[in-house]
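Me: I'd like to learn how to read a structure with a ligand in it. Could you walk me through one?

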Amino acid sequence: MNRHSLLTMKDLSTDDILDILNDARAFHISTKDWQLPVRKALVANLFFEPSTRTHFSFLSAEHQIGIKPVDFHPQESSLTKGESLYDTVKTFESIGYDAVVIRHPQDEYFKELEGVSIPIINAGDGKGNHPTQCLLDLLTIYNEYGRFEGINVLICGDIAHSRVAASNKEALEKLGASLRFAGPKEWERDGFEFSDLDESIAWADVVMLLRIQKERGASLADMTDEEYLETYGLNKTRYASMKPNAIIMHPAPVNRGVEIDPDLVECEKSRIFEQMANGVLVRKAVLKRAFGLKPFEKMTRQEPFEKLNLEKNKG
Ligand code: CP
């Protein structure tokens, strides 16, 4: 496997994570697109599951840093003739592609791809991992608090089927944040012991909500959307008990009125659309890393956090 692949958050040391966040912030404060020596590079986006944010923010990032992206459509490919995922990706390698971005419904599909030499960027595997979503979540938290140590993060909802919860647990614990999980008992997962939702809402600096992943078999018998919101979602009563500076996050797509009250999706505390914008920045940084380029100068750790925020506001 190429050492610049990004498959899980376990692949990244704390320094690697901070380098990626630093690069994402560098991309943000630049007034023009960074010109990277990858202008003729070819990247194939292989999405075997529907996606709006991840797919189109990778496309945006690829275009903005000068990579030529190509989209692969499984239904129009030789997969329909029985070709394997491995042979499909080896084909991209053989015909001149420099890297691939893959989303696939199978947990750890990338274990089948160990013989591939070009970098593989995991855009989500089953309920296993979603490293670039995790990185954009980390960037959103860092932009808010300027640190991870001592930040209380509550992740609530469909933990059992969530690759976002898995990747965030891995990274946030490594970075020194405190984590709690909450949701319906049916969706508890090994290693993710649930806490009381109402008490945890008042404890959290970050309330991260998760969608019910029906496509992975999640369902709660006999519970309407309204009942779910009242029992397990962020309704207006729970919102009122959040800390004054706490923020709301959600990887999206959001089911308005199920995991969150529709009026709260774009409220003052919500960072849901900021997360999406941060997704383009971290994906530029991850693509840059995939091409073996060294991190930019360490702005994040050498300059005061407030100064970067001022620059951001000016931009
Ligand atoms: N958050 C996320 O992965 O969204 P998409 O499924 O739209 O890519």
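Reply: Happy to; we will take the sheet and then the ligand. Keep in mind that this is a predicted model.

Me: How are the strands of the sheet ordered?

Reply: The general idea is that strands of a sheet pair through backbone hydrogen bonds, in either a parallel or an antiparallel way. In this case an open sheet of 4 strands follows the order β2-β1-β3-β4, and the pairing is parallel. β2 (68-72) and β4 (120-125) are at the edges with a single partner strand each, so one side of each has no neighbour in the sheet. From one strand to the next, the twist averages 15°.

Me: Which strand does β1 pair with over 5 bridges?

Reply: That is β3: residues 42-47 of β1 and residues 99-104 of β3 pair in the parallel sense. To find your place, look for Ala44, which stands opposite Val100 in β3.

Me: Which strands does helix α2 lie across?

Reply: Helix α2 (residues 53-64) lies across β1, β2, β3 and β4, and runs at about 175° to β1.

Me: Now the ligand. Which residues surround it?

Reply: Start with the shell, then look for polar contacts. Around the ligand you find Ser51, Thr52, Arg53, Thr54, Arg103, His130, Gln133, Pro251 and Ala252. By type, this shell has 2 nonpolar, 5 polar and 2 charged residues.

Me: Where are the polar contacts of the ligand's oxygen and nitrogen atoms?

Reply: A polar side-chain atom of Ser51 is 2.6 Å from a ligand oxygen atom, and a polar backbone atom of Arg53 lies 3.0 Å from an oxygen atom of the ligand. For nitrogen, a ligand atom is 2.9 Å from a polar backbone atom of Ala252. The protein covers 91% of the 260 Å² of accessible area that the ligand has on its own.

Key: Residues are numbered from 1 along each chain as its sequence is written. This is a predicted model: local features need pLDDT of at least 70, side-chain atom pairs count only at pLDDT 80 or more; totals for chains, interfaces and linings use all residues. Side-chain values use heavy atoms; hydrogens and water are left out. A residue is near a molecule or strand if one of its heavy atoms lies within 4 Å of it. A polar contact is a pair of N or O atoms within 3.5 Å; within protein, one must be able to donate a hydrogen and the other to accept it, and residues adjacent in sequence count only if both atoms are side-chain atoms. Accessible areas come from the Shrake-Rupley method with a 1.4 Å probe; for residues, only the protein chains shown count as cover. Ala, Val, Leu, Ile, Met, Phe, Trp, Tyr, Cys and Pro count as nonpolar, Asp, Glu, Lys and Arg as charged, and the others, Gly among them, as polar. Two strands pair if DSSP finds at least two bridges between them. Helices (H or I, at least four residues) and strands (E, at least two) are DSSP runs, numbered from the N terminus. Axes are lines fitted to C-alpha atoms, for helices over the stretch in contact, and angles run from 0 to 180 degrees between N-to-C directions. Contact means heavy atoms within 4.5 Å.
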